[in-house]
Amino acid sequence: MGPLVVGVVYVETDKDLKAIGVKDSKKLTPRTRERMFDQITSAADHWCTVVMSSEDIDEQRKTITLNEIELNMFAEGVSKWDTVQILADCPDINETAFTDRLYSKLGKDVEIIAKHKADDTYPIVSAASIVAKVTRDRMMESIREEFGKDVGSGYPSDSKTMDFIRNWIQENGKAPPNVRTSWEPVREMLSLRKNTRLDDW
């Protein structure tokens, strides 16, 4: 539930990021992430986020995979300013294949290092993960306000989010706004609701 957000941070050196104490955003409290967000965006030479709504994800999933969507978002983010090296948290199971595809998207002379759990290894990737997480959390807060209730974090591991989506589908016969209907568990919920209604006849 909610948008997909890619964070991008540009720095000459990660000295200031190390001083901030950045680490994998999942290992920080929301309050710490918020504080670090302001420090990171002040310290960075450049930074940005690339955001895609759940509706746009569903539309693109009709023709390409989620990995390809993320690859395109990465390429967009790292193309905004010139750089000689890109460090990325690899979303693909195959690091080499992802790196090669990103090279082909960029078409320029730049070093790319894409690794699993890079946000736990490289301070600049940790900083980018914090920027992405805070941005997404703020957007999820707006979604909660839109519904007028706590819909959870939006992640599939959150039972509050899953219960909200399931109950909404049961009551309305369709997925709530800001939910990816191309996601298999949501498709199953929609199918179950449809079949249940047919059985009622």
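**Cysteines, a β-α-β unit and two loop residues in a predicted model**

C48 is buried, with a relative accessible area of 9%, and C90 is likewise buried, at a relative accessible area of 7%. In this predicted model, the sulfur of C48 lies 19 Å from the closest cysteine sulfur, which belongs to C90, and the two are therefore too far apart for a bond. Seen from the other residue, C90 takes part in no disulfide, the nearest cysteine sulfur being that of C48. The structure as a whole holds zero disulfides.

The chain comprises 201 residues, of which 43% count as buried, and its C-alpha atoms fill a box of roughly 65 × 35 × 25 Å along the principal axes. Eight helices and four strands are present, and from the N terminus on these elements follow one another in the order β-α-α-β-α-α-β-α-β-α-α-α. Among the contacts with a separation of 6 or more, 65% are accounted for by residues 24 or more positions apart. The area exposed by the chain is about 11,300 Å², and carbon and sulfur atoms supply 48% of this area.

Strand β3, formed by residues 85–89, shows an alternation of its side chains, in that I86 and A88 point to one face and are buried, whereas Q85, L87 and D89 point to the other face and are not buried. This pattern can be set beside a general rule, since in a regular strand the side chains alternate between the two faces of the sheet. Strand β3 pairs in the parallel sense with strand β4 (residues 111–115) over five bridges, and Q85 stands opposite E111 of β4. Between these two strands the chain passes through helix α5 (residues 95–106), and the resulting β-α-β crossover is right-handed.

Backbone geometry draws attention to two further residues. Most residues other than glycine have a negative phi, yet K117, although not a glycine, has a positive phi of about 60 degrees. K117 is placed in the loop between β4 and α6 (123–147), where this residue is exposed, with a relative accessible area of 62%. A positive phi, of about 70 degrees, is also found at N178, again not a glycine, and this residue is located in the loop between α7 (159–172) and α8 (184–200). Unlike the exposed K117, N178 counts as buried because its relative accessibility of 17% falls under the 20% limit for buried residues.

Note on methods. Residues are numbered from 1 along each chain as its sequence is written. This is a predicted model: local features need pLDDT of at least 70, side-chain atom pairs count only at pLDDT 80 or more; totals for chains, interfaces and linings use all residues. Side-chain values use heavy atoms; hydrogens and water are left out. Buried means under 20% relative accessible area, exposed over 50%, partly exposed in between (1.4 Å probe, protein chains only). Two strands pair if DSSP finds at least two bridges between them. A crossover is right-handed if, with the strands pointing away from the viewer, the path from the first strand over the helix to the second runs clockwise. A disulfide is a pair of cysteine sulfur atoms within 2.5 Å. Contact means heavy atoms within 4.5 Å. Accessible areas come from the Shrake-Rupley method with a 1.4 Å probe; for residues, only the protein chains shown count as cover.
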